[in-house]
Amino acid sequence: MSTSGFKTLAHYLPILRWGRHYRREQAIHDLMAALTVTLMLVPQALAYAILAGLPPQVGLYASLLPLLVYALLGTSATLAVGPVAVAALMTATAIAPYSAQDPALGLQAALILACLSGLFLTLAGLFKLGFLANFLSHPVMSGFIAGASLVIASSQLPTLLGIQAEGSHLLALWQSMLGQWHQVHLTTAMLSVLTLLVLGLARRYGQQGLLTLGCSPFWAQTLVRALPAVLVVLGTLAVHAGWAMFAGVRTVGHIPAGLPALALPHGDLVMWQALLLPAVLISIIGTVESISVAQSLALKRRERIDPDQELIALGAANLAASLSSGQPVTGGVSRSVVNMDAGAKTPAAGLFTAVGMCLATLFLASWLSALPRFILASTIIVAVISLVDVRAFVETWRRNRSDFAALVVTFMITLLVDIEHGISTGVMLSIAMHLYRSSRPHIAIVGQVPGTEHFRNVARHAVTLCPDVVTLRVDESLYFANARYLEQKVLEVVADNPSLKHVILMCSAVNEVDGSALEVLEAINHHLSALGIGFHLSEVKGPVMDMLQHAPLRQQLNGNIYLTQYQAYAALSCH
C-alpha cells in the first residue's frame, strides 16, 4: 500500500497509527485503567439500563461491542464509551409509549434509537458536520444537564423507598410518590439512606481519608471509585445468604447469562419515523458531552482529537449497540476522567474494558440477579447530583443576562415538562440567540489615538476626531441578517452629523460579505452619493476584496478603498 493510501486508511482507522508502536509499558497502564473502569461500569451499565426502562442485561450488552468499535475508530486515548445517565433518561422518554404496550416493543424501540443515532452521527462525521453541535450553547447545555440530573435523581426515589410511582414529568412523579407514602418499605428506605451516606461521604472525603491513612494516590482513587462495585457485591451476597434485613427488598431480577446474538433492529416505518427526532436529540447531547470531555482530557496531555472522526466512531459504536441488543451509548464524563487518572495511554484501554465486561456478562450475570435495586438507584443519584453545576447559574447571571435566561428556561422546561421539550427548546434558544446577536453586530464609531496610527472606540478611549469624517468599525462579517442593521446605523450617523462629508467603513473584523450584504452596501453608497457624502472602505481583508473586484460596488463606489485606516484619515485631511 502506498504511503498516501495508508495515511487515508489510518485517518479512518486510527488504530493503524497507534497500534504500530504499541509497547508493553502502555499495555500495563491500559490494563490497570481498564480494570478500574470495569469496576465502575458493571454497576453503571445495569443501573442505566434500568433507568432507560430496559432489562438490566441491555446495559451490559451496550458495554461490549460498542467499546470494541470505538477503540478501533476513535481518536481519544481516554474517552470511555458506554451507557450514560442523560442518554438513558432520553431513551426512557422516547420508548415509554412502546414499553407501555409491550416491554419487547420498548426494547425494539431502544435498538432503533441506537441505530438511528448511529446513522446520524456517522453521516455527520463523513460530511464534516461536527460544527453543528456548536449551536448548542454552553449555558443551554448547563441548564439541560442540571434539569435532567434532577429528573433522574427524582426518578430513583421510588426505588429507594420501595414503592411503585411514575409520572410523565417531575410534578406528576412527586404527586404519585406522595400518594403512596404509606406504602414505603421501611427496610429498603433505611438501607437506601445508609447506602447514600456511604457513597456520598466516600465521594467527598474518601480519597483524602485514605491518603491520610498512608494509601498511595493511585490506590486511594481506585478504592473510592470501586466502592459502588463493592456495595454491589456485598448487597448481592447478603440477598443470596438470605439475611433477614434484606427480606422484601426488590432485586434486579433475572439476568440471562451469555452474550447477545447479533441481529438488525426491526419495526414498522411509523416507529422509525417517530423515533427519528429523539435519536437526533440524543446524538446532539452525546456529541457535545463526548467531544467536550475528549478535548478537555486531550489538552491535559498535549494531544489532539479529530471531532469529525469522533462522530464517525461514536456513530459506529451506536450502530454496534443496535446490532448487539444494546441501548444508545456515548462518552461518559466520570468514566473518562477515571480512565485517564488510572493511567490509560491508548484506546486499547477500551478494548480491555470490553473484555472485562464480556467476562462479567458471561460469569456474573446470573449471580447479579439478586442485586438489590436500591444500590443501583443510590449509585445513579450520587453520580448525577454531581452534574448539577450551581456555579454555572451564578457565573452566567454575572456574565450575561440573556444567556442566564436561556439557561433557566431550558432548566425549567426540562424539569417540569420533559427532557425532549427541554433540549428542543434549548437548541432553538441557542440558534435564536446566535441569530439575534449576529443580526445586531457591534458597530463602533472610532477615532485616532493621539500620536499613533491606531483607531479605537470613542466610547472607551480618549481619541481625536475629524469633524467632517466619521469612521464606523463593524465587528462582524456581513450577511443578509445584519446588513440592514448596518444601513440603519449609517443613516443614523448621517442624520446626526449635518456637516458630514465622508463615511469610512472600517472592515478589519469583516471576514465575509454575502450577496445580500453587497446589495445593501451598494444601497448605502447610492444614498450617500445622493447626499454628496463620500463612502470609503478601509482595511478590507483579501477574501472580501476578491469579492468586491467582481461586484458593481467596486466601480460605483463614491470614494476609495484604503489599505489602512490611517491612510484613509491622512487622505481625507484628518491629521
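# A walk through the chain, starting at the sheet

Start by colouring the strands: six of them make an open sheet in the order β4-β3-β5-β6-β7-β8, with mixed pairing. At the edges you'll find β4 (455-457) and β8 (561-562), each with a single partner strand, so one side of each has no neighbour in the sheet. Strands here are DSSP runs of E with at least two residues, helices are runs of H or I with at least four, and both are numbered from the N terminus. Two strands count as paired if DSSP finds at least two bridges between them. If you're new to sheets, strands pair through backbone hydrogen bonds, either parallel or antiparallel.

A word on what you're looking at: this is a predicted model, in which local features need pLDDT of at least 70 and side-chain atom pairs count only at pLDDT 80 or more, while totals for chains, interfaces and linings use all residues. Residues are numbered from 1 along each chain as its sequence is written, and side-chain values use heavy atoms, with hydrogens and water left out.

**Stop 1: strand β5**

Select residues 469-474. Is this strand enclosed or not? Six of the six residues of β5 are buried, so the strand is largely enclosed by the rest of the structure. "Buried" means under 20% relative accessible area, "exposed" means over 50%, and "partly exposed" is in between (1.4 Å probe, protein chains only). Now show the side chains: V469, T471 and R473 point one way, while V470, L472 and V474 point the other way.

**Stop 2: the neighbours of β5**

Add β3 (residues 443-448), which pairs with β5 in the antiparallel sense over four bridges. Look for I445 opposite L472, and for A444, whose bridge partner in β5 is R473. β3 is mostly covered too, with five of its six residues buried.

Then add β6, which runs parallel to β5 and is joined to that strand by five bridges. Click on L472 again: in β6, L505 stands opposite.

**Stop 3: out to β4, then over to β7**

From β3, move on to β4. These two strands pair in the antiparallel sense over three bridges, and G447 has R456 as its bridge partner in β4. Together β3 and β4 form a hairpin with six residues between them, and G451 in the turn has a positive phi of about 80°.

Now go to β6 (residues 502-506) and select β7 (residues 534-538) as well. They pair in the parallel sense over five bridges. One pair to pick out is M506, which stands opposite S538 in β7.

**Stop 4: two cysteines**

Try C507, which counts as buried because its relative accessibility is 7%. C358, at 23%, counts as partly exposed. How many disulfides are there? The count is zero, where a disulfide is a pair of cysteine sulfur atoms within 2.5 Å.

**Stop 5: helix α3**

Select residues 24-51. At 1.5 Å a residue, the 28 residues of α3 should span 40 Å, and the end C-alpha atoms are 39 Å apart, which agrees. The expected span is 1.5 Å times one less than the number of residues. Look along the helix for a bend of about 30° at L41, with a proline, P43, following within four residues. That bend is the angle between axes fitted to the seven residues ending there and the seven starting there. Just after α3, G53 takes a positive phi of about 80°.

**Stop 6: L68 and its contacts**

Next, find L68 in helix α5 (residues 65-73). L68 counts as partly exposed, at 35% relative accessibility. Which residues does L68 touch, leaving aside those up to four places away in sequence? They are L351 and A354, with contact meaning heavy atoms within 4.5 Å. Also select A348: L68 and A348 are 280 residues apart in sequence but 8.8 Å apart in space, C-alpha to C-alpha.

**Stop 7: two loop residues**

Most residues other than glycine have a negative phi. K128 has a positive phi of about 55° although it is not a glycine; look for K128 in the loop between α7 (103-126) and α8 (138-155). R302 also has a positive phi of about 55°, and is in the loop between α14 (276-300) and α15 (307-323). At 82% relative accessibility, R302 counts as exposed, whereas K128, at 43%, counts as partly exposed.

**Last stop: zoom out**

Show the whole chain, with its 26 helices and eight strands. The C-alpha atoms fill a box of roughly 95 × 65 × 60 Å, taken along the principal axes. Of the 575 residues, 52% count as buried.
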